[in-house]
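Work through these short exercises with the structure open beside you. Try each task before you read its solution.

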Amino acid sequence: MQQLLENGTPWQLVETGLDPITIQNNETLFSLSNGHIGTRGSLEEAKYTPSYFHNEGTYMNGFHEISPINYSEWAFGYAANHQTTSPLPNAKQMRFAVNGEWFDLEHGTTSDHRRVLDLQKGLLTRHFIWENSQQDKVEVKIERFVSYDIPELLAQHIQIIPLTDGVELTFETILDDLEKLGKKKTEDEIKDPRVKNLSERLFTSEELTTETFPMLHIETPASQMHAIVGTAAQLRNNDGESEQIGLKETWTCHAKTEEPVVLERFAAYSSFYLEGNQTPAQTKVLRQILETALKIGYKKIKENHVQTMSQFWEKSDVVIEGDDHLQKGLRFNLFHLHQAAGRNGKTNMSAKGLTGPGYEGHYFWDTEMYMLPFFIYTQPEIAKQLLLYRHTILPKAKERAKTLSVSKGVLFPWRTINGEEASAYYPAGTAQFHINADIAHAVHTYSKATGDKDFAYNEGLEILIETARFWVAFGHYDALNEKAFVINGVTGPDEYTTMVNNNFYTNLMAKHNLDYAVEMVMESLADDRTASNDVLEKIGFELSELEEWTKASEAMFLPYDETRGLTKQDDSFFHKKLWDFEGTPKENHPLLLHYHPLAIYRYQVNKQADTVLAEFLFSWEFDSEQKQRDYAYYEDITTHDSSLSRSIFGIMASEIGDSKRAYNYFMDTALMDITDLQANTKDGVHAANMGGTWLSMVQGFARMRLYNDQLHFEPYLPEQWQKVSFNIQFHSSLFQVTITQEGTAYKLLEGEPVDIEHNGTALRIE
Ligand code: BGC
């Protein structure tokens, strides 16, 4: 791990030598994706070298199989099906032979093995020298990337340079050898509810034998999703001889000493489709993509890809002077965030991106509350696509509300791919109703930060209204509680406390959700947009609803302990006994793997930020003493067993002026996956935490907040650094914020002047 941080520039992750243990994590860290397909950083010949192989996973965003969740005791409305992202045929596999002897890491002698993930260019390169048992020696350079310009495409460039007298080289590629795609789960993994399905094939496949390229049509039997996968390859500078038998291709050629032989290889994965009769048309499109790739050639496609990557960094990089390791960690996180986001309005961002099997590829609130802000303020077009996905699942969310006997509005699923609820354990799943308000919050933030009225008054408005409707139908006015509006029987973000009344976070978020709906309806009516009128009519909006929402918001109950001056996480939280932290051995963390849920729920113990998260999101609504008291209290009882916790505690440490804590939390956040802090990086990256890194910088150290339609900053810099700078897109303007120990500079890069508030004073960036 240390090696990854120390070697190379702050744009590179460098692995030198080979270690069967670290390769498992590095398969995750070196994953490449573009929001449509993702492939783990496994070795090309991994399958032939069992000790250097964990999981070759290649995934397509949204392509999943369903299977019934078997409950031994079923109850009405339980989530019906598992939804599991299906690993795809691993088309990147390839091996070669020198004078008839096949290469793998356990045969012959491999030296100078080195892999580099170039974050700036989005390339994974591999280099080594191999000598076979007959002392024939070759130098090998392999490069791969997943294209942003042609989302279907995974490109490989394999170069072999003979170092001994002329040799015969053989390359062998295989699109899918119908074996398992990963190793079986280990004992530990079987017990870990967060890991599912490493190796099972969830699709059936049919070879498209009339095609010239190796091509497959794959289909998931139950969810009936289809896709086409194909490969095309050519030797670049050597005539050689090639042979194709089914999905397997071989090339044999003679090469002189020092004369490189190059195999260019493209694998393409179509979009998924649901109508089986589309197969011929989809096959044609994919064949054309492969033909074009061969024609344009690797070099040109790579140039375009690198150019696209540089445009991304130009807008989204965060530069930090004073700590190269941190700079690398930060860029690594932004790189993966960018890779993970669905971009077609029909897919979202799973908790592990497209880097591993963890959480089955599900989308959670992680997207809206942790990852989306980065996109809203640096790549708003992607943010919009992610929110549009939520709009596509509104009909299912409506059904779900009905299933839960909520007469009006929608209930978004806690975890999902296809829009249906997939959480088999409702106390820490479906009961997290706050997801509705989280999505509403993201819609509001996106609308305010971008000024995108087309979205705000169409899809945005519909989401805000339907979620607001849910809260008034779900909560009620409690006669025994001074007629306060209460929301009972919910679970907040902290999954170590479930099924409570009046979770503070949920109630505060719901209150804002109601306000957002009122605000957006009023704004859209004042703007007299036809589109919004259509939406209001379509969903049967009535003016009296505005009053209903305002009344519920104003009466919203926010639990508070007057005696101690503390915000209560929920009605009963302070009545519980404190968890015995001292008596809990270190190896019993995370608690969820060592204690029955009911043994945890009886105590005051937090898995992750809950009340503190609420106070971050609306920090201007709380006075600083309040925030300090709550922070001190909740920090003491938080385990951070969820990777979503530390970034928020770091940000709030900045908010209350504790720069030391802010710095320490930030270091953990920024380096979480590279250092395997949560001990499960091998199952995929922690994408929400990666978003949390950006949040920590921009909303933590620069203390950026958006309220009253304006951005507010109160920046400071930890003493360890000399300088930090990042860009913010606000409406159609882009500006740069540079913080040094001396002060902050704002510079307009594009668009109209922007009015902000800096340390409480109005300022125009022009
Ligand atoms: C956290 C949730 C989160 C999920 C997916 C869980 O451990 O408690 O808040 O949504 O992981 O990242």
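The exercises below concern a predicted model.

**Exercise 1. Helix α7**

Task: Work out what span the 13 residues of helix α7 should have, and compare it with the distance between the end C-alpha atoms.

Solution:
- Step 1. Helix α7 covers residues 366–378.
- Step 2. The expected span is 1.5 Å times one less than the number of residues.
- Step 3. For the 13 residues of α7 this gives 18 Å.
- Step 4. The end C-alpha atoms of α7 are 18 Å apart, so the two values agree.
- Step 5. Now look along the helix: α7 has a kink of about 55° at Leu372, shortly before the proline Pro373.
- Step 6. Finally, check the surroundings. Of the 13 residues of α7, 13 are buried, so the helix is largely enclosed by the rest of the structure.

**Exercise 2. Two positive phi angles**

Task: Decide whether Glu360 is buried or exposed. Do likewise for Asn502.

Solution:
- Step 1. Find Glu360 in the loop between α6 (324–340) and α7. Its phi is positive, about 60°, although Glu360 is not a glycine.
- Step 2. Buried means under 20% relative accessible area. Glu360 has 9%, so it is buried.
- Step 3. Find Asn502 in the loop between β22 (484–486) and α12 (504–527). Asn502 is not a glycine, yet its phi is positive at about 55°.
- Step 4. The relative accessible area of Asn502 is 2%, so Asn502 is buried.

**Exercise 3. Thr550 and Lys47**

Task: Classify Thr550 by its relative accessibility. Then classify Lys47. Find a polar partner for the side chain of Thr550 and for that of Lys47.

Solution:
- Step 1. Thr550 sits in helix α14 (residues 544–555).
- Step 2. Partly exposed lies between the 20% and 50% cut-offs. Thr550 has 29%, so it counts as partly exposed.
- Step 3. A polar atom of the Thr550 side chain lies 2.6 Å from the backbone oxygen of Leu546.
- Step 4. Lys47 is in the loop between β3 (37–39) and β4 (58–60). At 15% relative accessibility, Lys47 counts as buried.
- Step 5. The Lys47 side chain makes a polar contact of 3.3 Å with the side chain of Gln93.

**Exercise 4. Domain 1 meets domain 2**

Task: Describe how domain 1 and domain 2 touch.

Solution:
- Step 1. The domain assignment places domain 1 at 2–292 and domain 2 at 325–701.
- Step 2. Their centres, taken over C-alpha atoms, are 35 Å apart.
- Step 3. Contacts link 59 residues of domain 1 with 50 residues of domain 2.
- Step 4. The area buried between them is about 4300 Å², and carbon and sulfur atoms give 58% of this.

Definitions and conventions: Residues numbered from 1 in each chain as written. Predicted model: local features only at pLDDT ≥ 70, side-chain atom pairs only at ≥ 80, totals over all residues. Heavy atoms only, no water. Helix = DSSP H or I, 4+ residues; strand = E, 2+ residues; numbered from the N terminus. Bend = angle between axes of the 7 residues up to and from the residue. Buried < 20%, exposed > 50% of the residue type's maximum accessible area, 1.4 Å probe, protein only. Polar contact = N/O pair within 3.5 Å; in protein donor to acceptor, adjacent residues only side chain to side chain. Domains from an automatic or database assignment. Contact = heavy atoms within 4.5 Å. Buried area = accessible area lost by both parts, 1.4 Å probe.
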